[in-house]
Every structure is written in structure tokens, then in C-alpha cells.
Amino acid sequence: MLGELAGADALREVALDREIERELRSRGISLEDTDIDAERERLARTLGVGELGDELTRQILAARSIGPHRLGALLARNAGLRKLIEPPEAPSEEAVRVAYDVRYGPQRRVRVAVFASSREAARARTDIARAAETAGITAAFAEIAAERSTDRSAPLGGLIGEISVADPGLPAVLRRAVASQAAGSLGDIVALDQGFALVLVEREIPARETPIETVESELRSEIAERATRLAMETLAEDLIRRASVTPLDPALRWSWDRAQRAGPAQPR
């Protein structure tokens, strides 16, 4: 049961750890305690906590199934990958400006609902418009999204939070829909790569009055860290493919084969 439930995840981590160790040895690179400590500090900043040892942090990690053993392995794994990649180039002025606009520029509070077909999306749009006459557009949208949407935001009534239309990490078609849609109105059906979406802009949030000069250094550090993380994830996928894992246990093999068909695991 354990093999079928989480065998692929565990096997992936073990295989990646061994490949990282092998690659470090082949390059004559060793990990120091300071490397692990630096990863510990980075993880704490990512989680928004002061230290990884307090009770709140343990609860956050436990929610991700990260206990003492996996935490130690995670820190060593990240430290090893960071040692093996080339340092990222300095962020360009354009990249800094985009990052500034995304964080400090105007934003919109958005809900989305995704459906498998345009017919399902059209039916949902009709039902939302009908229910909005008595319940209000936000409540009506949230109820339909929670019941029918295939997006991961469904449990939150489709809420994906405050977004910027300048964010290049969002699908271009979604950014255009959000930018062109009036707050409080239900837009047209949007065709995505996987499904058809309805978008609701709840409200507009004005830009913050923060001079770019006061946050430029912080933005450059964040851009560099994102580039580093991307390079680390790319290297991890390459190392996993090179490992040529062949599970012998039937349950573990079933879990591994299923995960391979589903594609690369998402970073945690």
C-alpha cells in the first residue's frame, strides 16, 4: 500500500540524492555545513518564518509530509544542486521593471472556473448569471466554481487571489481576459490549453506608492533566486532521467510507471 501510495515520490528523491552525490564526487565538490545552513535560511524565508525549528514551522512542513528525515535530505539536495549549476546572469533592467510592476503595480482580485468543454462552460455561465440575480455575482461564481471547476482553486470557490496583468508567469490569454474585463462582470468563455475558463474580476487594487529605487536590490535578488531554482529543477530532471531507475517491487514499479506517464513531478 505504501509503495502504491507514495512509492514514486520516495524513489524519485532517493534516486536524485544518489545522482547528486555521484555528480558532486565526479567534479571534486564537497558540501559544507555552511551550505546546508544557507539552504535552511532560504527555506525559512520561503515559508515566511524566522526559524525552521519552531512549532508553527513544523506544522507547515508536516502539511507537506516533510518530517525530520526528509527535511535534512531536502536541504542537502538543494545545496548539492546549487553547487552543480552555473550562477545565473545578473537580471536585466527590463526584468527588474517587470518584477516591480507585478508586485507594486495595479492588481486585480480574480476568480476562475475551468471546465472540460465549451458546452460545460456555457452552461455554467448561464447558471452563474441566473444565480447572481439573487445571491450576487461573487457568491454565485464561487458556488459554481466549487462544485464544477476542474482547477486547483475550486475548493476556494475559484479564487486565485490578486494578480497583475503584467505577470509573464500567467497564460497570455488569461492576462488579456483579466485586463479587458470590467470588475464585477462575468466575461466571455476563455479557451485555455487545457479546458475552457470563466473569469471573474472581483475588484481592482490600485498600485502601491513604492519607489522602485527602494526595492530594486530586493527584486534583483528574487529574480536571481528564481533563475537559480529553475536551473536546479532542470538539472534535477536531467539527473533523474540519467539514473535509469528500474523498480523491482511490483507495487513500487506500478507507482513509478504511473508517475512517469504523468510527466515530471512538480517542485515542492
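**Core and sheet of a predicted model**

User: In this predicted model, which residues have the most contacts inside the largest nonpolar core?

Analyst: The largest nonpolar core holds 15 residues. Within it, the most contacts belong to Leu16, Ile20, Leu81, Leu235 and Leu239.

User: Which helix supplies the largest share of this core?

Analyst: Helix 1 (2-26), helix 4 (68-84) and helix 9 (212-243) each give at least two residues to the core. The largest share is 6 residues, and its source is helix 1.

User: What does Leu16 touch, leaving aside residues up to four places away in sequence?

Analyst: Contact here means heavy atoms within 4.5 Å. With those sequence neighbours set aside, Leu16 touches Arg77, Ala236, Leu239 and Ile240.

User: Which strands stand at the edges of the sheet?

Analyst: The sheet is open, with 4 strands in the order 2-1-4-3 and antiparallel pairing. Each edge strand has a single partner, so one side of it lacks a neighbour in the sheet. The edge strands are strand 2 (159-163) and strand 3 (190-192).

User: Which residue of strand 2 is the bridge partner of Arg109?

Analyst: Strand 1 (residues 107-115) and strand 2 run antiparallel, joined by 4 bridges. In strand 2, Arg109 has as its bridge partner Glu162.

User: What angle does the direction of helix 7 make with that of strand 1?

Analyst: Neighbouring strands of the sheet are turned by 35° against each other on average, direction ignored. Helix 7 (residues 137-148) packs on this sheet and touches strand 1 and strand 4 (195-205). Its direction and that of strand 1 make an angle of about 40°.

Key. Residues are numbered from 1 along each chain as its sequence is written. This is a predicted model: local features need pLDDT of at least 70, side-chain atom pairs count only at pLDDT 80 or more; totals for chains, interfaces and linings use all residues. Side-chain values use heavy atoms; hydrogens and water are left out. A nonpolar core is a set of buried Ala, Val, Leu, Ile, Met, Phe, Trp, Tyr and Cys residues joined through side-chain atoms within 4.5 Å. Buried means under 20% relative accessible area, exposed over 50%, partly exposed in between (1.4 Å probe, protein chains only). Two strands pair if DSSP finds at least two bridges between them. Axes are lines fitted to C-alpha atoms, for helices over the stretch in contact, and angles run from 0 to 180 degrees between N-to-C directions.
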